[in-house]
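Let's take a walk through this structure together, one piece at a time. Keep the 3D view open and turn it as you read.

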Amino acid sequence: MGDEVVVSIRSDQDMVEARAKSRRLADDLGFSRTDATLIATAISEIARNILVHAGRGEISMRPLCEDMRYGLVVIARDSGPGIRDVHRAVESGFASRGGLGMGLPGARRLMDEFDVESEPGEGTTVTMTKWRVPDDLERLREKRLRRAGHPSS
Amino acid sequence: MSAIELRTSYEAAFHNHVVGAGERSLRAAYELGREAVGRGLSLLDLAEVHHEALRSEIRLEGVDAEAVVRAAGEFFLESVSAYEMVRRGFEEASRAALLQRSRLDMLRQLSDFLADTSLASDSPESLKEVLRLIAEQARELIGARLCLVTLIGDGPPLTASSYWAGDPSGTNEFEADHLSAVASLPHVPERRLAAALKSLDGKELGALELFDKEDGDFTAVDKATLVHISQMASAAVERLRLHMRGHGGD
């Protein structure tokens with residue numbers, strides 16, 4: 001599994017790069033094509049938010065490996081105007097501009113974990129994670145690999 | 001974007017994906033789906049447009065049908081991802097509306113019960129029973145582990161409680177356990193929600209307190225619900241006390 005990947009977001013083309021890198025990372029982690037598409041969609045929504053509200057920022061991605069699951073963590077940062085009411089920005093959607101639940105609420109619904117830190121004038125940091133639980137066969141294989149790597153255990 | 005404009009753009013973007021699949025063309029698919037959602041086109045419209053685009057591509061001379069079908073799958077998945085985002089939002093809104101409706105039903109039931117003239121008994125036990133019911137309904141409605149109702153007056157305070165210990169067989173009925181449960185709860189403001197019970201002339205009658213929300217912290221909606229219950233409870237308590245005084249009780 002690779003290290004952290006960082007993409008500067010300054011234009012639409014950077015959004016394409018962030019999507020491509022997330023897809024590659026998701027593929028390495030064994031996510032399904034459907035989940036990889038959902039991750040790419042969430043990244044697009046967050047990147048769009050950066051471009052529209054802050055003009056520029058960055059998106060970093062890294063794999064997570066826990067005992068029983070794999071994860072892909074995405075952190076989006078910008079130094080834009082920030083969000084006055086984070087709760088409202090994340091929870092609403094149908095009543096807000098556009099009214100269809102895309103943007104931040106849309107990205108939240110596509111991922112498993114979602115957190116926004118923001119203060120007016122202080123920029124915004126969005127952290128979101130998608131998890132994948134390995135199936136029994138995968139777990140068995142990993143167990144064997146670990147044993148092969150550590151014969152004493 | 002009309003259905004016709006969507007069809008033209010979709011066919012062109014799909015062709016680009018077939019001849020040079022990559023993240024750029026996948027992003028175009030996602031943007032088309034997003035635009036279609038924004039314009040209020042249905043998923044059926046999009047599926048139809050996709051089908052037409054696929055058919056046009058397959059008809060081209062010397063085409064590798066298998067490669068086109070594979071590309072069509074990738075492209076379609078991206079284009080419907082915006083619909084998935086909206087579907088999840090709709091599901092979330094439906095769940096919230098259902099919860100709201102269930103809360104309204106329970107509030108109506110409680111209101112009917114408190115307005116019932118059969119409560120107008122002269123026995124102090126009747127008042128205690130009303131308090132217990134208020135505690136139970138408030139705890140259940142808002143999803144807290146514990147609710148305490150305290151009435152103050154000339155004599156010693158009168159309390160009733162409802163406690164959910166996580167036991168699926170039902171709420172714990174022992175009041176002593178309820179009080180020890182209060183002592184064991186962490187005393188952080190976010191874990192407690194309270195509303196005063198007040199008479200019509202503003203005199204303090206007591207308080208309604210909730211502790212330890214089952215999932216997360218208490219919300220603004222929880223606070224509004226508790227205030228509503230406390231207003232209904234205050235009116236019922238005041239009415240009962242008046243009735244008992246009239247009949248020499250309390």
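The paragraphs below go from chain A as a whole to one of its helices, and then to a sheet and two residues of chain B. Please bear in mind that this is a predicted model.

Start with chain A, which has 5 helices and 5 strands. If you follow chain A from the N terminus, the elements come in the order β-α-α-β-β-α-α-β-β-α. Along the principal axes, the C-alpha atoms of chain A fill a box of roughly 55 × 30 × 25 Å. Chain A has 153 residues, and 45% of them count as buried. Take the contacts in chain A between residues at least 6 apart in sequence: 61% of these join residues at least 24 apart. On the outside, chain A exposes about 8200 Å², of which carbon and sulfur atoms supply 46%. As for charge, chain A carries 24 positive and 25 negative charges, and the mean positions of the two sets are 4 Å apart.

Now zoom in on helix H4 of chain A, residues 103–110. How many of its residues are buried? The count for H4(A) is 8 of 8, and the run begins with Gly103(A), Leu104(A), Pro105(A) and Gly106(A) and goes on with Ala107(A), Arg108(A), Arg109(A) and Leu110(A). Both chains contribute to the cover over H4(A). From chain A, the covering elements include helix H2 (33–54), helix H3 (86–91), strand S4 (113–118) and strand S5 (124–132). From chain B, they include helix H2 (23–38) and helix H4 (65–115).

Next, move over to chain B and find its open sheet of 4 strands, which has the order S2-S1-S4-S3 with antiparallel pairing. At the edges are strand S2 (158–163) and strand S3 (192–198) of chain B, each pairing on one side only. On average, neighbouring strands of this sheet are turned by 15 degrees against each other, direction ignored. As a reminder, strands of a sheet pair through backbone hydrogen bonds.

Look at the individual pairs. Strand S1 (residues 144–151) of chain B joins S2(B) over 6 bridges, and Leu151(B) stands opposite Leu158(B) of S2(B). S3(B) and S4(B) pair over 7 bridges, with Ala194(B) having Glu209(B) in S4(B) as its bridge partner. S3(B) and S4(B) also form a hairpin with 5 residues between them, and Gly202(B) in the turn has a positive phi of about 85 degrees.

Helix H7 (residues 220–246) of chain B lies across S1, S3 and S4 of chain B, at about 30 degrees to S3(B). S3(B) itself has two faces: Leu193(B), Ala195(B) and Leu197(B) make up the covered one, while Arg192(B), Ala194(B), Ala196(B) and Lys198(B) make up the uncovered one.

Let's finish with two residues of chain B. Is Thr150(B), in strand S1 of chain B, buried or exposed? Thr150(B) counts as buried because its relative accessibility is 19%, and the cut-off is under 20%. Beyond its neighbours in sequence within four places, Thr150(B) is in contact with residues including Pro157(B), Leu158(B), Leu197(B) and Glu209(B).

Met106(B) lies in helix H4 of chain B and counts as buried at 17% relative accessibility. Leaving aside neighbours within four places in sequence, Met106(B) is in contact with Gln137(B), Glu140(B) and Leu141(B). Met106(B) and Val49(B) are 57 residues apart along the chain, and their C-alpha atoms are separated by 47 Å.

Definitions and conventions:
Residues numbered from 1 in each chain as written. Chains lettered and ligands numbered in written order. Predicted model: local features only at pLDDT ≥ 70, side-chain atom pairs only at ≥ 80, totals over all residues. Heavy atoms only, no water. Buried < 20%, exposed > 50% of the residue type's maximum accessible area, 1.4 Å probe, protein only. Contact = heavy atoms within 4.5 Å. Areas by Shrake-Rupley, 256 points an atom, 1.4 Å probe, with all protein chains shown as cover. Lys, Arg positive; Asp, Glu negative; His and termini not counted. Charge placed at Lys NZ, Arg CZ, Asp CG, Glu CD. Pairing = 2+ DSSP bridges. Axes fitted to C-alpha atoms, helices over the stretch in contact; angles between N-to-C directions.
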